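Dear colleague,

Please find below the structure I promised to hand over, together with its sequence. My findings follow directly after it.

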Amino acid sequence: MSRTLEWTVGVELVEEDGTTKAEARLLTGNSNLTGHGSARCNPADVDVPTIGDELAASRAMKDLAGKLMREANREMEAVGAGTVPQHTGPGYGWPEAVT
């Protein structure tokens, strides 16, 4: 059996008073999930709006990913399957490169 799906993720960014807020929305066709993130420029730093956008968006997508994983865990438990173990190390990078 083969299956092809397309899920859409949209990210909306709003900058106001030195704070960038992001909302990431996942549309699967069956459900919608939303993640939130924000970034604030330190007054002592040079204001580079692109960096605030990237930080806020990545935090919103990380929040969204966590919500998607929790939803999958709930659904697995509902059908009697085990859940995916939680990782204790950093959630990014190349773990094999860490010594």
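Of the contacts in the chain between residues at least 6 apart in sequence, 35% join residues at least 24 apart. Please bear in mind that this is a predicted model.

The secondary structure consists of one helix and three strands, and along the sequence these follow the pattern β-β-β-α.

The three strands form an open sheet in the order β1-β2-β3, with antiparallel pairing. Its edge strands are β1 (8-16) and β3 (32-40), each of which pairs on one side only. Neighbouring strands of the sheet are turned by 15 degrees against each other on average, direction ignored. Between β1 and β2 (residues 19-27), the antiparallel pairing extends over nine bridges; within it, Glu15 has Thr20 of β2 as its bridge partner.

Helix α1 (residues 49-78) lies across β1, β2 and β3, and runs at about 145 degrees to β3.

Turning to burial, 15% of the 99 residues of the chain count as buried. The accessible surface of the chain comes to about 8,100 Å², and carbon and sulfur atoms account for 54% of that area.

In soluble globular proteins, nonpolar side chains tend to be buried together. In the present model, the largest nonpolar core has eight residues: Ala22, Ala24, Leu26, Leu33, Ala39, Ala56, Ala60 and Leu64. The elements that contribute two or more residues to this core are β2, β3 and α1.

Leu64, one of the core residues, merits a closer look. Neighbours within four places in sequence aside, Leu64 is in contact with Val9, Ala24, Arg25, Leu26, Leu33, Thr34 and Gly35. Among these contacts are Ala24, Leu26 and Leu33, which also belong to the largest nonpolar core.

A further residue to consider is Ala65, which lies in helix α1. Is Ala65 buried, exposed or partly exposed? Its relative accessibility is 44%, and Ala65 therefore counts as partly exposed, since that class covers values between the 20% limit for buried and the 50% limit for exposed residues. Ala65 and Leu33 are 32 residues apart in sequence, and their C-alpha atoms are 9.3 Å apart in space.

In your own review, you may wish to begin with the contacts of Leu64 and then turn to the accessibility of Ala65.

With kind regards

Terms used. Residues numbered from 1 in each chain as written. Predicted model: local features only at pLDDT ≥ 70, side-chain atom pairs only at ≥ 80, totals over all residues. Heavy atoms only, no water. Pairing = 2+ DSSP bridges. Helix = DSSP H or I, 4+ residues; strand = E, 2+ residues; numbered from the N terminus. Axes fitted to C-alpha atoms, helices over the stretch in contact; angles between N-to-C directions. Contact = heavy atoms within 4.5 Å. Buried < 20%, exposed > 50% of the residue type's maximum accessible area, 1.4 Å probe, protein only. Areas by Shrake-Rupley, 256 points an atom, 1.4 Å probe, with all protein chains shown as cover. Core = buried A, V, L, I, M, F, W, Y, C linked by side-chain atoms within 4.5 Å.
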